[in-house]
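Please work through the exercises below with the sequence and the structure at hand, trying each task before reading its solution.

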Amino acid sequence: HLRPAINFGNDLLFSGEIIVNETIETIKLGKSYEAIIWMPTIENEAYGMIKDLLTIGNTIELQGASKVVGRGKILNFMYV
């Protein structure tokens, strides 16, 4: 599991955990993966700030501090 900052745009960064298929041992640079991003710190107020950015097809950046370490595309999402 990876725990980068998720940048939704508009300088909105949130902590999240990236969970890939259990059979993948190493995430390789330059390869695409379908993954779940679990963000337990998103409460109602924070969700209100990002809900317009949670659009299928939108791009997010994965960051370690200020360095972009990956990019992703939103395929689906759920807020409970």
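The exercises that follow concern a predicted model, and each task is followed by a worked solution.

**Exercise 1.** Determine in which order the four strands of the open sheet are arranged, and which strands form its edges.

Solution. Tracing the open sheet from one side to the other gives the order β2-β1-β5-β6, and the pairing is antiparallel. The next step is to look for strands that pair on one side only, and these edge strands are β2, residues 13-15, and β6, residues 67-73. Going from one strand to the next, the twist averages 30 degrees.

**Exercise 2.** Describe how β5 and β6 pair, and find the residue of β6 that stands opposite Glu61.

Solution. Strand β5 covers residues 59-64, and its antiparallel pairing with β6 runs over six bridges. Within β6, the residue standing opposite Glu61 is Arg71.

**Exercise 3.** Decide whether Ala65 is buried or exposed, and examine its phi angle.

Solution. Begin with the location, since Ala65 is found in the loop that lies between β5 and β6. Its relative accessible area is 73%, and because exposed means over 50%, Ala65 is classed as exposed. The phi angle of Ala65 is near 60 degrees, which is a positive value in a residue other than glycine.

**Exercise 4.** Decide whether Glu17 is buried or exposed, and identify the side chain with which its own side chain makes a polar contact.

Solution. Glu17 belongs to strand β3, which comprises residues 17-20. The relative accessible area of Glu17 is 14%, and because buried means under 20%, Glu17 is classed as buried. The side chain of Glu17 makes a polar contact with that of Arg3, at 3.1 Å.

Methods:
Residues numbered from 1 in each chain as written. Predicted model: local features only at pLDDT ≥ 70, side-chain atom pairs only at ≥ 80, totals over all residues. Heavy atoms only, no water. Pairing = 2+ DSSP bridges. Helix = DSSP H or I, 4+ residues; strand = E, 2+ residues; numbered from the N terminus. Axes fitted to C-alpha atoms, helices over the stretch in contact; angles between N-to-C directions. Buried < 20%, exposed > 50% of the residue type's maximum accessible area, 1.4 Å probe, protein only. Polar contact = N/O pair within 3.5 Å; in protein donor to acceptor, adjacent residues only side chain to side chain.
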